[in-house]
Amino acid sequence: MLVLVLIGALTGLTTVLFGFGGGFVTVPVIVWADAAIGSAAGTVAVATSAIVMVVNAAVATAATPRPILARLRSRGSLLGLLAMGGLSGAVLALAVPVEVSSWGFVVYVAVTIIDVLVRPGFLRSAGTADDDVSRPAIPTTLGAPIGTIASFLGVGGSVMTVPLLRRNGLPMGQAVALANPLTLAISIPAAVVFLAARHAADIHGAVFVVGIVDLGAAALLLAGAVPIIVVLRRHPPSIPDRVHAWVYIGLLAVVLTAMLLPLI
């Protein structure tokens, strides 16, 4: 229980600093914490991460400065498509073998690391000329694919949205702040699906299950995460933009390793 609370604090840190609402950290942790339920642990982990992401992203969004959130003004179509994708991804996660989503998580994170290292636009220092809040950083047509992949794999949405926002010229601080409301749009419908679902496997080895969500583990993670989010939003750390980008990539590598080890 103490380990889950401490790791929850880490998810709060990643939510504020990197836009990870909890999925990247939560999925490997729940796979480990619920290892006793066997192969179903992967599906439970994806479902539980959706709950953690809803709360973390909601708290972080509520504390985000309004001028930053203004970039999402008139982007209702994008948010709606993200939500539709989140719903379809959750349904898909229930329909396929758990190994598909687990290995998909690994493959997607690995591809993302290569992409941000090789393609220009992510590691460069952000310019100062992009003050036009009306210019869309994320095309509306990408809403459904982003939502589906994020919900299916349990990674939230920041792994796709932060690089897109960076390549639009935003500094890391603004990119990760905007990732939270986008993650919220994806995770709410996914969480509803997972709470209402029933799994064929025996998942009574989890802490406290509702649907296929381990609410006990989620509560412990959130107990550590929410206070950290509140404190860091009130007193945000100052991190050089390029350092911030490199740490983002380093965290992806750590999570990739943590998820890969139980699979090999």
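These are my notebook entries on a predicted model of one protein.

**Entry 1: the overall layout**

I started with the big picture. The protein has eleven helices and two strands. Reading from the N terminus, I wrote the order down as α-α-α-α-α-α-α-α-α-β-β-α-α. So that I had a feel for the inside, I looked up burial next: of the 264 residues in the protein, 54% are buried. I also checked how far apart in sequence the contacting residues are. Among contacts with a separation of 6 or more, 82% are between residues 24 or more positions apart.

**Entry 2: the largest pocket**

Which residues lie nearest the centre of the largest pocket? I found V16, G173, R233, P236 and P237 there, out of 15 residues in the lining. The volume of this pocket is about 240 Å³. I then asked which elements give two or more residues to the lining, and noted α1 (2-18), α9 (172-196) and α10 (215-234). Helix α9 gives the most, with three residues. Sorting the lining of the largest pocket by class, I got eleven nonpolar residues, three polar ones and one charged one.

**Entry 3: the cavities**

Next I went looking for closed spaces. A friendly reminder to myself: rolling a probe the size of a water molecule over the atoms shows where empty space is left. How many cavities of 30 Å³ or more are there? The count comes to three. I took a look at the second largest cavity, which has a volume of about 40 Å³. Twelve residues line this cavity, and A50, M53, A150, S151 and A190 are the closest to its centre. Helices α3, α7 (143-153) and α9 each give two or more residues to the lining. By class, I noted seven nonpolar and five polar residues for the second largest cavity, with no charged residues.

**Entry 4: a pair of rings**

I searched for aromatic pairs and found that the structure holds one. The partners are F122 and Y248, with 5.3 Å from centre to centre. Their planes are 50° apart, and the pair is tilted. Why does this pair tie together distant parts of the sequence? F122 lies in the loop between α6 (98-118) and α7, while Y248 is in helix α11 (residues 241-260), so the pair joins parts that are 126 residues apart in sequence.

Are the two rings' residues buried or exposed? F122 has a relative accessible area of 0%, so this residue is buried. Y248 is buried too, because its relative accessible area is also 0%. I noticed another neighbour of the ring of F122: R166 lies over its face, at 5.6 Å from the ring centre.

**Entry 5: a closer look at V55**

To finish, I picked one residue and followed it. V55 is found in helix α3 (residues 41-62). Why does V55 count as partly exposed? Its relative accessibility is 28%, and partly exposed covers values between the buried limit of under 20% and the exposed limit of over 50%, so V55 belongs in that class.

Then I asked which residues V55 touches, leaving out those up to four places away in sequence. The answer was L222 and V226. I also looked up the distance from V55 to S187: the two are 132 residues apart in sequence. In space, they are 9.4 Å apart, C-alpha to C-alpha.

Conventions: Residues numbered from 1 in each chain as written. Predicted model: local features only at pLDDT ≥ 70, side-chain atom pairs only at ≥ 80, totals over all residues. Heavy atoms only, no water. Helix = DSSP H or I, 4+ residues; strand = E, 2+ residues; numbered from the N terminus. Buried < 20%, exposed > 50% of the residue type's maximum accessible area, 1.4 Å probe, protein only. Contact = heavy atoms within 4.5 Å. 1 Å grid on protein atoms, 1.4 Å probe; cavity = no way out; pocket = protein on both sides within 12 Å on 5 of 7 lines; lining within 4 Å. Points joined across faces, edges and corners; volume = space filled by probe spheres on them. Nonpolar A, V, L, I, M, F, W, Y, C, P; charged D, E, K, R; others polar. Phe/Tyr/Trp six-rings, centres within 6.5 Å; stacked < 30°, edge-to-face > 60°. Lys NZ or Arg CZ within 6 Å of the ring centre and 35° of its normal.
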